[in-house]
Amino acid sequence: MKIALMDSGIGLLAAAAAMRRLRPDVDLVLSSDPIGMPWGPRTPADLTGRALGVARAAAGHRPDALIVACNTATVHALPALRAALEPAIPVVGTVPAIKPAAAPGGRVAIWATPATTGSPYQRGLIRDFATGARVTEVPCPGLADAVERGDAAAIAATVAAAAALTPADVTDVVLGCTHYELVETAIRAALAERTGGAELRYHGSAEPVAVQALRRLGALPEPGLPRTGTLTVLLSGEEGALPAAALGYAEGRLLAGEGAPVGS
């Protein structure tokens, strides 16, 4: 079984690592767009064009499924990606985990990029799945870019700024950008200070989207299988290496442990 994941940058590491933990035997194709990133500031049409290029590069490796491991690309490009690749290759989008976060009826904070915060897409998810909860949308300008660069100082500053916008009585936090899951530890620390150490529930998309991709293929998680899966890295359509910044995160180190080349 071969599964491809796509994103503008290294945000796909979280879902790729989740897939590797669930199915150590699966061959992974990571397709990103360092030439065209970031996608967030682009127009929807421009972003869709970049996403289609990255998806078609991955499709050239004949995966059994493609995970769009990017919230922004899912918002703007998922219909076009499905029209281009399905039914030959099932396409699985990444949806912010608003529904499970809101189910207990608490105070929910949705951390997301400025492009997603307040968007009709996110507002629709809130309307459909969070009517019983109090919801605050928290824009996190610069956080995804800081994560992409592996800039610890910028990560700390942008996380602190987002934490300051998060209600002190929050009970559930949605990590609404795949990049944010790579720095969940830093987010937890900042919000623990903000909330006086209250126990919060965190909701990411990496494992749910990996499970959904397996479900689309009629497969089950089997974490005990031998680790035989390979890793292919595509950078704006060309075979390459994991970015060096990937090694700053546990997910990147997990994948690099497969002997994958790492860029400088």
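## A walk from Arg216 to the sheet and back

Start by selecting Arg216, which is partly exposed at 38% relative accessibility. Keep in mind as you go that this is a predicted model.

Now add Glu86 to the selection: Glu86 and Arg216 form a salt bridge, with their closest N and O atoms 3.2 Å apart. The two come from distant parts of the chain, 130 residues apart, with Glu86 in the loop between H3 and strand E4 (91-92) and Arg216 in helix H9 (residues 206-216). Glu86 is partly exposed too, its relative accessible area being 27%.

Next, step back into helix H3 (residues 71-85) and pick Thr72. With a relative accessible area of 10%, Thr72 is buried. Show its surroundings and, leaving aside residues up to four places away in sequence, you will find Gly40, Leu47, Thr113 and Thr116 touching Thr72.

Time for the sheet. Colour the 4 strands of the open, parallel sheet, which run in the order E6-E5-E7-E8. Strands E6 (134-139) and E8 (201-203) are at the edges with a single partner strand each, so one side of each has no neighbour in the sheet. On average, neighbouring strands here are turned by 20° against each other, direction ignored.

Zoom in on E5 (residues 107-112) and E6, a parallel pair held over 6 bridges. Val108 makes a good landmark, as its bridge partner in E6 is Val135. Then bring up helix H5 (residues 120-129), which packs on the sheet and touches both E5 and E6; the direction of H5 makes about 160° with that of E6.

Stay with these strands and select Asp169. Which side chains does Asp169 meet in salt bridges? One is Arg107, at 3.3 Å from N to O. Asp169 sits in the loop between helix H7 (152-164) and E7, and Arg107 in strand E5, so this pair ties together parts 62 residues apart in sequence. Asp169 is partly exposed at 38% relative accessibility, whereas Arg107 is buried at 17%. Arg134 is another partner of Asp169, at 3.5 Å from N to O. Arg134 lies in strand E6, so here the parts tied together are 35 residues apart.

For the last stop, go to His179, in the loop between strand E7 (172-175) and helix H8 (184-194). Is His179 buried or exposed? His179 is buried, at 5% relative accessibility. Its side chain reaches the backbone nitrogen of Gly11 at 3.4 Å. Residues touching His179 include Asp7, Gly9, Ala144 and Glu148.

Conventions: Residues are numbered from 1 along each chain as its sequence is written. This is a predicted model: local features need pLDDT of at least 70, side-chain atom pairs count only at pLDDT 80 or more; totals for chains, interfaces and linings use all residues. Side-chain values use heavy atoms; hydrogens and water are left out. Buried means under 20% relative accessible area, exposed over 50%, partly exposed in between (1.4 Å probe, protein chains only). Contact means heavy atoms within 4.5 Å. Two strands pair if DSSP finds at least two bridges between them. Axes are lines fitted to C-alpha atoms, for helices over the stretch in contact, and angles run from 0 to 180 degrees between N-to-C directions. A polar contact is a pair of N or O atoms within 3.5 Å; within protein, one must be able to donate a hydrogen and the other to accept it, and residues adjacent in sequence count only if both atoms are side-chain atoms. A salt bridge is a side-chain nitrogen of Lys or Arg within 4 Å of a carboxyl oxygen of Asp or Glu.
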